[in-house]
Each structure stands twice: as C-alpha cells, then as structure tokens.
Amino acid sequence: MASSSKTYSGKEVAVHNSRESCWIIVHGKVYDVTDFLDDHPGGSKIILKYAGKDATAEYDPIHPLDAITTNLKPEKHLGSVDLTTVEKVEVKITDEERARQERIAARPPLSEILNLHDFEAIAKYTMAEKAWAYYSSAADDEITNRENHAAFHRIWFRPRILKDVTKVDWSTTILGQKSSMPVYITATALGKLGHPDGELNLTRAAAKHGIIQMIPTLASCSFDEIMDAAAPGQVQFFQLYVNKDREITKRIVRHAEQRGIRGLFITVDAPQLGRREKDMRQKFEAEDPSEVSKADQGGVDRSQGAARAISSFIDPGLNWSDMAWFRSITNMPLILKGVQCWEDALEAYDIGLSGIVLSNHGGRQLDFARSGLEVLVEVTTKLKEKRGLSFPNEKFQLFIDGGVRRATDVLKAVALGATAVGVGRPFLYAYSAYGPEGIDQALQILHDEFEMNMRLLGACSIKEVIPEMVDASNIHLHIVSVPSDNLYESNCKSRIFSFVF
C-alpha cells in the first residue's frame, strides 16, 4: 500500500492509465480509482478519459469537494503530485458545444423572461445535452410528469369581491419557521450540472427572498459547503435518502441537526429509482466500449441507467417500524417525502410525525402515479372523516410538490389544505439558463404573481385562502394521453424560440 504522504511525479501517475490500473489526479492529490470504475454514477468512460491525468477540471462541476475522499477507501488515497510535471489535458471544443455556446449568446435578455415556463424553454436549448436529460427526465412515458402540472388545470377559482386588498400578505410559517411565501425550494440532485456554483445559487437566493431551501442528499456541493454559504439565521431543511448502513444514516442525521437543520424530510418513494429513459440513453454514451460489450453479453446490469450507481446505497427495506428509530436519534421534526395515498397519510399522522409531502418524485419514479394535488384532496377529505382534522394544520402539515409553475398553482394547493409547496426543476432551469440572476428573477416573478393573484382572489392573507375559493370537483378526472397545452405552446414557447433562434 502506497503512503499517503508520498509525492509522485506526473510521469509516475501517467503509466496508470488503463482499466486494470486507473489513477487520477484531483486537486493535486493522487487516487487509485480502479475498483470504483463500475460504480461511478457518470459511467467509467469519463474516468478512463482522465486515467493517469489531472481530472480536476472535469471533477469540479458535478461533485462535492469531499466526494472522492468520502467514497474511496483511505488506502486508495495514494499521496500528492508535483503539478509542474503533470501533462495538461487538451480540452477540445466540439461542434455541438460550439453551437450551444452560440445559443447561449442568443438568449433573450432576462428582463424579457416573464414566467417560470420561459426559463424551462431557454434551459432546454442552452444546457449541455446530458445535463438537460438528467434534469428533465421522468419515468417511462412521462405521463405522470405531465399530469403533475395538468392537475392544476382541473382546479378553478371562486374569487370573492369587494374586499379591501390594498395590502396583501402572502407570507406564512412552515414547520414553525417564517417564509415570505408558501413555497420552499425542494431537494433536487446534482445542481452543478446546470451551473458551477450548483446548490449554492439556491442557498443565496433563498436567503435573499426569505424562503426555505431543502438540501438534498445527492447535492453536487457538500452539505457543509451549503451550510457555510447560508446567511446568519437562514432556515434550511434536509432531504434524506436512508442508507442501508444505519450508522452512516445516524451520522448524517445528527450532523445535520448539529448544523442547525430545522426539518428532516425522509424520502420514502424511492426503494429503487425509476427508469428515466432520456437519462439512460445518455448513460450508455458515457460508458466505455468494454462495458457496453459486457452489457450486451449480460455481464453488466444496465437496466437502471445513471440511476444504478446513485441509488446503490438506498435501503429498500425501509419501513414504518424505522420511524421509532429516527425519533431516537434526532429531535428534528420528521416529515415523510413521497406519500401517495390517504392510508399512508393516516398512518403517518397516527404515529405522530410532523407532516408529509404528497409527491411522486417529480414523475421520476412510478409512471401513472397520481399528482400530489389530487392526493391532497383525497387526504384532507379522509383525515377529516377518520380523525376530524381540518387543514392547514399546525400539528400535522401537508406539503405537495411536482408541476408547480405559477403562484396560482400554489394558491390552489393552499386553498385545498397544503401548508406550502415545493418547487424544484423551475429553479434549476432558471440558474442553468441565466446563472444566479436567473433564480433571483424566478423568485421575484413568483412574488409578483402572488401579489396580483391574492388581490384578484379577494384574499388579504394566506389564512384567507380557503377551500371555498376553489372548485376541485374535476380533480379526479384523468385525460390520457396528456393533451398538448396549445396556449402555452403558442404564447410562451414559440414566441421565445422566434426571437432566440
């Protein structure tokens, strides 16, 4: 075993440039990643490209700073390298990348972005193909992904008139924590795929606009890096994928609590990650030829695409009895993220949890799972019937996520009993398309929409947004195949394309 204090020359590292012996350099340190090739979420091809070379430039955009030291055994940390002796990797700009850069230069000015749909349209044509595939992909035929937003179209308002709406207030509290609006930034993985600062864009924007960020387990930035970037007193939640190794889970949870996290959102809808076929196609391209050959011969399981390695640590055995164990290791409020029927909502209430997120994982897990909005109507009805509960409820809070694109979407959810909603992809698209100014603009758009729609709805405060203000009688009607949204296509998407490209 090599000494971790040894200093290598670039020439010594360079000979370890094959699948049989693969060393890489990251931030001046040498690592033996031979045994990690098959488990790398991004495929082995990208590692082998940098075998025997400095991989820092490729590593930084998509990994937390501590990812390599956390995932490799100590004996694989070989030592340092004299960087003056290391041959630089030549970065070739492809025709594809050159065309993308031209599209970035042709973006409309940020002042012409009027809604969250616009950010998605711009991001699709300015992001790297692999990054777009990961962010936008959903399960199977992506019916649930589209249904998440379509469900909001089946809820109609019943506005009240002649109310003094000179001043309107859309602030609220979430798990006892103040928020400038009933929205939180929900957990989304691999934030650096869209921008070098990754999740730090969200941290800074959340502080500026007075909302709460949920930090993901699979962030591109490390947990401590995100916490260190927070403003004094900034409230943050944490999303947890439960590790098969409970000691690892305990360490993560207790560290999060020590750092000041105010709510633990335990993901319960991902015992196995779904088939995200757009992402899977990119994964095959990221694999080296020997692995593809082995896959064709049945030697390597490629069925999960990029999700295969990312999900390998998640415990499929997580069950209701584990909730008592979580209570024994933390005093943070416990919320289940990914509840999809009233029976499980009732169970969560009965065992004393603080709340649930009605979510289908952004349509990325089980296709034809119902929208969080539809499940919300079911849950509030049944919990009132079974336990006499009314919502919003401070002791057992309901959240939803998936498909939210407008303040009107949020207000519909609040009227139906949600405390707040989680927004994920739109914020990723905003900073992927325009950087930190994009996420700032996205949140300002939501604030402006809230002010207008609260007035038009006849509600002076969030507490006045009540069930009588909406008609949800058609929420359980499903139209498949999901129809095209012609109004959006003509007014938003095509208009942007016309002056961008």
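Let me begin with Thr188, which is buried, with a relative accessible area of 16%, where buried means under 20% relative accessible area, exposed means over 50%, and partly exposed lies in between, using a 1.4 Å probe and protein chains only. This is a predicted model, in which local features need pLDDT of at least 70 and side-chain atom pairs count only at pLDDT 80 or more, while totals for chains, interfaces and linings use all residues. Residues are numbered from 1 along each chain as its sequence is written, and side-chain values use heavy atoms, with hydrogens and water left out.

Where does Thr188 sit? You will find Thr188 in the loop between strand 8 and helix 9; helices here are DSSP runs of H or I with at least four residues, strands are runs of E with at least two, and both are numbered from the N terminus. If we set aside residues up to four places away in sequence, Thr188 touches Glu199, Pro216, Gly424, Arg425 and Leu428, where a contact means heavy atoms within 4.5 Å.

Two of those names, Arg425 and Leu428, lead us to helix 19, since both are listed among its buried residues. Helix 19 is mostly covered, with ten of its ten residues buried, and besides those two the list includes Pro426, Phe427, Tyr429 and Ala430. Just after helix 19 comes Gly435, which takes a positive phi of about 75°.

Now to the neighbours of helix 19. Helix 7, residues 129-136, and helix 19, residues 425-434, pack at an angle of about 165° with their axes 11 Å apart; the axes are lines fitted to C-alpha atoms, for helices over the stretch in contact, and angles run from 0 to 180 degrees between N-to-C directions. Helix 7 and helix 19 are therefore roughly antiparallel to each other, on a scale where angles under 35 degrees count as roughly parallel, over 145 as roughly antiparallel, 65 to 115 as roughly perpendicular, and the rest as oblique. Helix 7 passes helix 19 in a left-handed crossing, a label used if the near helix is turned anticlockwise from the far one by less than a right angle, with right-handed used if it is turned clockwise. On the helix 7 side the residues are Trp132, Tyr135 and Ser136, and they meet Arg425, Leu428, Tyr429, Tyr431 and Ser432 in helix 19. By class, this contact of helix 7 with helix 19 has five nonpolar, two polar and one charged residues, where Ala, Val, Leu, Ile, Met, Phe, Trp, Tyr, Cys and Pro count as nonpolar, Asp, Glu, Lys and Arg as charged, and the others, Gly among them, as polar.

How do helix 19 and helix 20 cross? The axes of helix 19 and helix 20, residues 436-457, come within 6 Å and cross at roughly 135°, and that makes helix 19 oblique to helix 20. Helix 19 passes helix 20 in a right-handed crossing. From helix 19, Phe427, Ala430, Tyr431 and Tyr434 take part, meeting residues of helix 20 that include Pro436, Ile439 and Leu446. The residues of this contact of helix 19 with helix 20 divide into nine nonpolar, one polar and one charged.

Let us turn to the strands. Eight strands close into a barrel in the order 8-9-10-11-12-13-14-15, with parallel pairing, and the twist averages 30° from one strand to the next; two strands pair if DSSP finds at least two bridges between them. Within the barrel, three bridges join strand 10, residues 236-240, to strand 11, residues 264-267, and Phe238 stands opposite Leu264 in strand 11. Helix 9, residues 200-209, lies across strand 8, strand 9 and strand 10, running at about 155° to strand 9.

There is also an open sheet of four strands, in the order 1-4-3-2 and with mixed pairing. Strand 1 and strand 2 stand at the edges, each with a single partner strand, so one side of each is left without a neighbour in the sheet. Strand 1 and strand 4 pair in the parallel sense over two bridges, whereas three bridges join strand 3 to strand 4, which run antiparallel. In strand 4, the bridge partner of Tyr8 is Val81, and that of Lys29 is Ser80. Four of the five residues of strand 4 are buried, so strand 4 is largely enclosed by the rest of the structure.

Finally, the whole protein chain has 21 helices and 16 strands, and buried residues make up 54% of its 501 residues.
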